[in-house]
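Thanks for passing this one along. Here are my notes, meant to be read with the model open beside you.

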Amino acid sequence: MKLIVGLGNPGPEYAFTPHNAGFLAVDRIAEICDTQFANRRGRAVTVRTRLAGHDVLLAKPETFMNLSGLSVAALLNELELGVEDLIVLYDELAIPLGTLRIRERGSAGGHNGVKSISGVLGTEEWLRVRIGVGKPPLETGREVKAGGTSYLLAPMRKTELAVLDEVLDQAVRAVEAVLTKGVSAAMNEFNRKVEPEN
């Protein structure tokens, strides 16, 4: 079994904010699997299902983002799984909206949910699908930082949600690729830079 965790903040006021991209991604997986989050365990709402022929437990921690690690550790412990069985989906400000990246390990880079998980598990060696929520670069070529916390916790605009919606489908395919083809093949497929069309 694999534990697939989406990160976000509980509560309707956070539902469609950039910081809840992880929640939205596991919601999309549940939708594709024709199931709904109905159980509570390990300080998370969960649902057990099958994805790409594999048994998975989808989870959305009910802790706030900066305590996500407590929920993840409780679920791994309860299910008797190791960090190698964990896939975490979360928002990434350093990646432009409309893209995603799969990584096998890495530092938190200022993301409190990631910091919490690595801190509680005592390792940065766990698989993550980073969903870009950053602003695209301006035509001058200068990268624009999105404005941190105030941006991450503000509701997204309709145009941004439309772009995110497409990436959520990509996130599902990325998780399926990890399950069926392995991490390296999935990274090769999903981490390619998309060249702009001339």
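The points below go through the sheet, the helices lying across it, and one annotated residue.

1. A reminder before we start: this is a predicted model. Please read each point with that in mind.

2. Let us begin with the sheet. Seven strands make up an open sheet with mixed pairing, in the order E2-E3-E4-E1-E5-E7-E6. At the edges sit E2 and E6 (100-103), each of which pairs on one side only. From one strand to the next, the twist averages 35 degrees.

3. Within that sheet, E1 and E5 run parallel and are joined by four bridges. If you would like a pair to look at, Leu3 has Leu86 in E5 as its bridge partner.

4. Two helices are worth viewing against the strands. H2 lies across E1, E2, E3, E4 and E5, and runs at about 165 degrees to E1. H5 (residues 158-181) lies across E1, E3, E4, E5, E6 and E7 (127-134), at about 25 degrees to E6.

5. Does the length of H2 fall in line with its residue count, or out of line? H2 has 12 residues (68-79), which at 1.5 Å a residue should span 16 Å; the end C-alpha atoms are 17 Å apart, so the two agree. Just after H2, Glu80 takes a positive phi of about 55 degrees.

6. Which residues of H2 are buried? They are Ser68, Gly69, Ser71, Val72, Leu75, Leu76 and Leu79. These residues cover an arc of only 160 degrees around the axis, which puts them on the same side of H2. As a general reminder, an α-helix has 3.6 residues a turn, so residues three or four places apart point the same way. The cover over the buried residues of H2 includes strands E1 (2-6), E2 (39-41), E3 (44-51), E4 (54-61) and E5 (86-96), together with helix H3 (112-121).

7. Finally, a residue you will probably want to find. The UniProt annotation "active site", from an unreviewed entry, covers His19. His19 is found in the loop between E1 and helix H1 (21-32). Is His19 buried or exposed? Its relative accessibility is 11%, and the cut-off for buried is under 20%, so His19 counts as buried.

8. What does His19 touch, leaving aside residues up to four places away in sequence? The contacts are Leu7, Gly8, Asn9, Met65, Asp91, His111, Leu152 and Leu153. Of these, Asp91 falls within the residue range of E5 (86-96), and His19 touches Asp91 from the loop between E1 and H1.

Conventions:
Residues are numbered from 1 along each chain as its sequence is written. This is a predicted model: local features need pLDDT of at least 70, side-chain atom pairs count only at pLDDT 80 or more; totals for chains, interfaces and linings use all residues. Side-chain values use heavy atoms; hydrogens and water are left out. The expected span of a helix is 1.5 Å times one less than its number of residues. Buried means under 20% relative accessible area, exposed over 50%, partly exposed in between (1.4 Å probe, protein chains only). The arc is that of the directions from the helix axis to the C-beta atoms. Contact means heavy atoms within 4.5 Å. UniProt positions are given in the numbering used here, feature names are shortened, and annotations may be inferred rather than shown by experiment. Two strands pair if DSSP finds at least two bridges between them. Axes are lines fitted to C-alpha atoms, for helices over the stretch in contact, and angles run from 0 to 180 degrees between N-to-C directions.
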